[in-house]
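Let us walk through this structure one helix and one contact at a time. Keep the sequence and the coordinates open beside the text.

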Amino acid sequence: MGSQIERIKSGAAEYDDELLKKHKQLLIMNLQSSRSQISFYNEMDVLSEGVQKFDTMIADIGRAQEEVNIQYYIIKRDALGKRLLDALLERAKAGIKIRLLYDGFGSRSLKRIDFKELIEHGGKVQIFFPSSFGFINFRVNNRNHRKVCIIDGKVGYIGGFNVGTEYLGEVKKFGYWRDVHLRIEGDVVQHIQERFILDWNYSNQQKNRDDLFCFPQHDVKSLSPMQIITSGPNSHTEHLKNMMIKMILSAEREVFIQTPYFIPDKSFMDACKMALLSGVKMHIMIPGKPDHLFVMWGSWSFLGELLDYGADVYLYDRGFLHSKTLTIDSEISTVGTTNLDARSFRLNFEINALVFNRMVALELESLFESDTASCRKLTKELYAQRNWTIKFREGVSRLLSPIL
């Protein structure tokens, strides 16, 4: 970590890239706060459809030759959950190492019998913060919200999709599910792997630290610098929030944000206001159809305030918007598991990829622009028309925002 900071400051040859030089302070901040090493040579695909994401990932799992390490906040006991477990079981029968880690609260419907055959064939399954007595979980506020998969140490997945048929758009309550995951090959996969190992070892009751993981060489030649930023209740600062604030304050032209929940704290709101007052255009998209009413009312409270500063706010109506992305100036972007709320910033274990690649930023902005066709725009006039009961609910929700 120290050597990378020194080399950035000295202008070493490997950092002679326009975006890295322009955002040098962001790189150094992430290195110093969350020990986020910079990786240079990567290739990635943006996956915004649930069927596309899971077809691609399960196909990659089917080609695994050494190991599959997979971690999800939610794994449902439904058709997609069974399909994933069947794919892992098939690889375990072929002698491939399988490590599955899931959150004890988010995946509380899972039962040990679901993994019986997988474990019999050598697969390993761990629970992050398991429930103590039946469904009673004393760490319910500290959820491992990460969603990653690493195959043979060569292919990595990171993003917002959980495992369940609702994420394929097959549950009537939500309808079409709009989300983003990245499929990545290259240097950064080892950093995703390292984060998985830390969570795995923390959850591993046997404390078998001699287990071997894959860290192979790769042949990716495309320059696409990335950092993996993580944070949680054990972090000394709110790494992911600080990264996003730094991005917003670095913007010169435009900021695009997609999030299912917009419940920021004062520091994040101040950053948004400063950017808007500086002439930066800010476009924010949230679900028009919420999964939690209190969160919707709280989000409207904060967004209504930003409308007065000139923000463009969109309400996504095609289905449910679960995408967690932020891009600035068609240059850099972040994709991951972090919602814009206190829970993600302070209470949950989260992970995001920061990508210094114009093509990826442009693709995410293009998806945003396409999504506006399925949106209503929240204007100052529309916001002013809400009745007193909505205003009251907004006030209560804003008061409760630190725990929503």
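**From helix 3 outward**

Arginine 35 follows helix 3, and its phi is positive, near 55°. The model is a predicted one. Helix 3 is a good starting point for the tour.

Which residues of helix 3 are buried? They are Leu26, Leu27, Ile28, Asn30, Leu31, Ser33 and Ser34. Some of these names return in the two helix contacts below.

Take helix 1 as the first partner. Helix 1 spans residues 2–10 and helix 3 spans residues 24–34. Their axes come within 10 Å and cross at roughly 165°. An angle over 145 degrees counts as roughly antiparallel, and therefore helix 1 and helix 3 are roughly antiparallel to each other. The crossing of helix 1 past helix 3 is left-handed. On the helix 1 side, the contact uses Gln4, Ile5, Ile8 and Lys9. Across from them, helix 3 supplies Lys24, Leu27, Ile28, Leu31 and Gln32. By type, the residues of this contact divide into five nonpolar, two polar and two charged.

A general point helps in reading such lists. An α-helix has 3.6 residues a turn, so residues three or four places apart point the same way.

Now turn to helix 8, residues 239–250. Helix 3 and helix 8 pack at an angle of about 170°, with their axes 10 Å apart. That makes helix 3 roughly antiparallel to helix 8. Helix 3 contributes Gln25, Leu26, Met29, Asn30, Ser33 and Ser34 to the contact. Helix 8 answers with His239, Asn242, Met243, Lys246 and Met247. The split for the contact of helix 3 with helix 8 is four nonpolar, six polar and one charged.

Next comes the nonpolar interior. How many residues does the largest nonpolar core have? It has 91 residues, and Ile61, Ile248 and Phe262 have the most contacts inside it. Helix 10, residues 293–307, gives the most to this core, with eight residues. Apart from this core lies another, of 28 residues. Val148, Ile158, Val189 and Val355 are among the residues of that other core.

Isoleucine 248 deserves a closer look. Residues up to four places away in sequence are not counted here. Beyond them, isoleucine 248 touches Val255, Ile257, Phe268, Ala271, Cys272, Ala275, Met282 and Leu326.

Two loop residues come next. Phenylalanine 129 sits in the loop between strand 4 (124–128) and strand 5 (148–151). Its phi is near 50°, a positive value in a residue other than glycine. Is phenylalanine 129 buried or exposed? Its relative accessibility is 11%, so phenylalanine 129 counts as buried.

Serine 330 is in the loop between strand 15 (325–328) and strand 16 (332–336). Serine 330 also is a residue other than glycine with a positive phi, near 55°. Its relative accessibility is 19%. Buried means under 20%, so serine 330 counts as buried.

The last stop is lysine 380, found in helix 13 (residues 380–384). At 44% relative accessibility, lysine 380 counts as partly exposed. Leaving aside neighbours within four places in sequence, lysine 380 is in contact with Leu307 and Asp308. Where does it stand relative to methionine 243? Lysine 380 and methionine 243 are 137 residues apart along the chain, and their C-alpha atoms are separated by 29 Å. Methionine 243 is one of the helix 8 residues that meet helix 3.

Definitions and conventions
Residues numbered from 1 in each chain as written. Predicted model: local features only at pLDDT ≥ 70, side-chain atom pairs only at ≥ 80, totals over all residues. Heavy atoms only, no water. Core = buried A, V, L, I, M, F, W, Y, C linked by side-chain atoms within 4.5 Å. Buried < 20%, exposed > 50% of the residue type's maximum accessible area, 1.4 Å probe, protein only. Helix = DSSP H or I, 4+ residues; strand = E, 2+ residues; numbered from the N terminus. Contact = heavy atoms within 4.5 Å. Axes fitted to C-alpha atoms, helices over the stretch in contact; angles between N-to-C directions. Parallel < 35°, antiparallel > 145°, perpendicular 65-115°, else oblique. Left-handed = near helix turned anticlockwise from the far one by under 90°. Nonpolar A, V, L, I, M, F, W, Y, C, P; charged D, E, K, R; others polar.
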